[in-house]
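Trainee: I would be grateful for a close look at a single helix in this structure, covering its packing, its faces and the residue that follows it.

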Amino acid sequence: MDIRKVFGANARRFRLALGLSQEAVAERMGVDRAFVSSMERGLQNATLLTLWETAQALEVRPVDLLDEKASKARS
């Protein structure tokens, strides 16, 4: 599976588990809502900084966003 899709699927799953909108996550990250949307759809090639900021915004460990098994089990 494409790592961008894994990252996006996990980010979406954690966001929904927290009951946050894309806009709320974007605000926490200091980015635009459209960025979060494209990230969740696997269209963004995330940098290490984006990985870190996303993990902080979603209150998870960065490695949790890259867990391929979790993204497949819950997609």
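Mentor: In this predicted model, the helix to examine is α4, residues 48–58, and a good place to begin is its pairing with helix α1, residues 3–18. The axes of the two helices come within 10 Å and cross at roughly 20 degrees. Angles under 35 degrees count as roughly parallel, so α1 is roughly parallel to α4. The crossing of α1 and α4 is left-handed. On the α1 side, the residues that make the contact are Phe7, Ala11, Phe14, Arg15 and Leu18; on the α4 side, they are Leu51, Thr54, Ala57 and Leu58. Sorted by class, this contact of α1 with α4 comprises 7 nonpolar residues, 1 polar and 1 charged.

The burial pattern along α4 comes next. Thr50, Leu51, Thr54, Ala55, Ala57 and Leu58 are the buried residues of α4. Viewed down the axis of α4, these buried residues fall within an arc of 165 degrees, and therefore they line one face of the helix. Leu48 and Leu49, on the other side of α4, are exposed. The cover over the buried residues of α4 includes α1, together with α2 (22–29) and α3 (33–40).

Thr54 merits separate attention. This residue of helix α4 is one of those that touch α1. Its relative accessibility is 0%, and Thr54 therefore counts as buried, since the term applies to values under 20%. Once neighbours within four places in sequence are set aside, the contacts of Thr54 are Phe7, Ala11, Met29, Met39 and Leu65. Of these partners, Phe7 and Ala11 are among the α1 residues in the contact with α4.

The description ends with the residue that follows the helix. Just after α4 comes Glu59, with a positive phi of about 60 degrees; this is a positive value in a residue other than glycine. Glu59 is placed in the loop between α4 and α5 (68–73). With a relative accessibility of 57%, Glu59 counts as exposed, because that term applies to values over 50%.

To bring these points together, α4 has buried residues that line one face, while Leu48 and Leu49 on its other side are exposed. Within the buried set, Leu51, Thr54, Ala57 and Leu58 take part in the contact with α1. Beyond the helix, Glu59 lies in the loop between α4 and α5.

How values were computed
Residues are numbered from 1 along each chain as its sequence is written. This is a predicted model: local features need pLDDT of at least 70, side-chain atom pairs count only at pLDDT 80 or more; totals for chains, interfaces and linings use all residues. Side-chain values use heavy atoms; hydrogens and water are left out. Axes are lines fitted to C-alpha atoms, for helices over the stretch in contact, and angles run from 0 to 180 degrees between N-to-C directions. Helices (H or I, at least four residues) and strands (E, at least two) are DSSP runs, numbered from the N terminus. Angles under 35 degrees count as roughly parallel, over 145 as roughly antiparallel, 65 to 115 as roughly perpendicular and the rest as oblique. A crossing is left-handed if the near helix is turned anticlockwise from the far one by less than a right angle, and right-handed if clockwise. Contact means heavy atoms within 4.5 Å. Ala, Val, Leu, Ile, Met, Phe, Trp, Tyr, Cys and Pro count as nonpolar, Asp, Glu, Lys and Arg as charged, and the others, Gly among them, as polar. Buried means under 20% relative accessible area, exposed over 50%, partly exposed in between (1.4 Å probe, protein chains only). The arc is that of the directions from the helix axis to the C-beta atoms.
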